[in-house]
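Reader: I would like a close look at one helix of this protein, with some account of the whole chain around it. Please keep to what the coordinates give.

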Amino acid sequence: MVILENLLNSIQIKESYNEKDINIDGISYHSKKVTNGHLFVCIKGYKTDGHKYLPQAIENGAVAAIVEEFQEGISIPQYVVENSRIALARLGAAFYNNPSKKMKMIGITATNGKTTTSFMTNAMLENEGLKTGLIGTVLIKMDDYCTPAELTTPESLDLQYYLSQMVDKHVSHVTMEVSSAALETYRVEDVDYDIVTLNNISREHIDSHGSFEKYFEAKSSLIRNASEKSFAVLNLDCPYSASLINETKAQVITFGVNSREGHIACKNLDLTTGRAKFVLEILKSFEINGTSYEPTEFEVQLSVPGLHSVYNSMVAITIALLCGVSISTIQKTLKTFAGVERRFQFIFEEDIKIIDDHFANSGNIDVTLETLKYMDYEKLHVVYAIRGERGPTVNRENAETIVKWASKLGLNEITATKSVSHVTSKDRVTDEELQAFQEVMDKAKIKVNLYDELPDSISHAISNAKTGDLILLAGCQGMDFGAEIALKQLAIIKDNLKEVR
């Protein structure tokens, strides 16, 4: 229970109506979750307006409301604010006693690799013996308790609740994915970060943000708004990330796989098996909490494949060093870290190799196909699930990125699928999207073997693959069942061969 007046001190109020000195038992932004004694915050969403549900919230027990516009005929106190999303974030932090200030908070943003980087980081922290929390696309972990995630970054009130639960469980370090949507809608408004990172950025979520410039503005705000007591980890190989070096109050730590101008670099990179070995170099000294890191180097061996995993690991290593994790723990963790499903995942490694990858956008495709350039194999077979309900532009850009790498990888044909029976109505491929993809392939003179169904497309690739070949199952929602289907088809082929013998 909190006195309303104390809560209201955390926000700026423009006007108030029917003020009362009352106790608040909880905060809600969804009318169905309101119970007796709640403060109800009216949020204007993309599809509906929380102000419409204020009468229902009152019926369920709301005793005061935060609004952006005064509502007629309402008996409970109303407090008018400029932006109710910002108010919700600040009220949530105040209600739960600012839990982020009591733990080391790590915020990771990127177009690609947020999930893997956060899992890698968490694994290093755990293996060092620390109590950890993890918030992201896959799950929310609070020490020894996990629950499935609904959003990459929870709504601000829910986020503050989870953080308060972590404090209660004596968690010391929290790693969280920070989405562009969360930044744009102020979900992390009152999170006190100690370390922030922007790993990379490429074209994604353009429709929801309006333009790439607005998307970058949202992403970069995590770095721009970082405090002087925090650290910002920036990638010199990404010009957008590198452009923020002088745009933040945070102490900047830079790294690069190609660049050697930063604090941390990569040398002797070996990707011939798909799983990287390299030497990590600390080129410039840096200090945190009295611990000084002087120029040195140590070997790194990754169990997860892909060039993008090298970038992800360098971010995770830098974060781990900033958290005081030992080099031996870092090395042991990366050697055993199994990765995250569908992130350049080897699913079969016998006479042929099959890799399953979340081929989401041009940036993701670039890194994935660049990795293949380093690998040893006979012939590449790509099975691509066309992106549904993302618009012709995304599909054209994805196709253009594939074409850019085609000649370098000896790719003159591609198997594509609409995955009709394996996607919901939200991910169906439209005629315009298919046409955009096909036009780019036709122009590049790349043959497209098009299948409506995912199993048929995978069967085509497997039946044409010979010993030493590599099959890439590439795509987002349309390829989510690809690995399972491929392994079942291979099992049937093996059983048939046994019968023949």
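Author: Of the 501 residues in this protein, 56% are buried. The model is a predicted one, and the helix chosen here is H12, residues 362–374.

H12 has 13 residues, and the distance from its first C-alpha to its last is 19 Å, close to the 18 Å expected at 1.5 Å a residue. At the N-terminal end, Asn361 acts as the cap: one of its side-chain oxygens is 2.9 Å from the backbone nitrogen of Asn364. Asn364 is itself buried, as are Ser362, Gly363 and Ile365. Further along H12, Thr368, Leu369, Thr371 and Leu372 are buried too.

A general point on helix geometry helps in reading that list. An α-helix has 3.6 residues a turn, so residues three or four places apart point the same way.

The buried residues of H12 pack against both helices and strands. The helices are H10 (307–322) and H13 (392–406). The strands are S22 (353–357), S23 (380–385) and S26 (470–474).

As for the setting, the protein has 16 helices and 26 strands. Among contacts with a separation of 6 or more, 67% join residues 24 or more positions apart. The C-alpha atoms fill a box of roughly 80 × 55 × 45 Å along the principal axes. The radius of gyration is 25 Å, which agrees with the value near 23 Å for a compact globule, because that value is the one for 501 residues. The accessible surface comes to about 22100 Å², and carbon and sulfur atoms hold 46% of that surface.

Terms used. Residues numbered from 1 in each chain as written. Predicted model: local features only at pLDDT ≥ 70, side-chain atom pairs only at ≥ 80, totals over all residues. Heavy atoms only, no water. Helix = DSSP H or I, 4+ residues; strand = E, 2+ residues; numbered from the N terminus. Expected span 1.5 Å × (residues − 1). Buried < 20%, exposed > 50% of the residue type's maximum accessible area, 1.4 Å probe, protein only. Contact = heavy atoms within 4.5 Å. Polar contact = N/O pair within 3.5 Å; in protein donor to acceptor, adjacent residues only side chain to side chain. Rg over C-alpha atoms; globule rule 2.2 N^0.38 Å. Areas by Shrake-Rupley, 256 points an atom, 1.4 Å probe, with all protein chains shown as cover.
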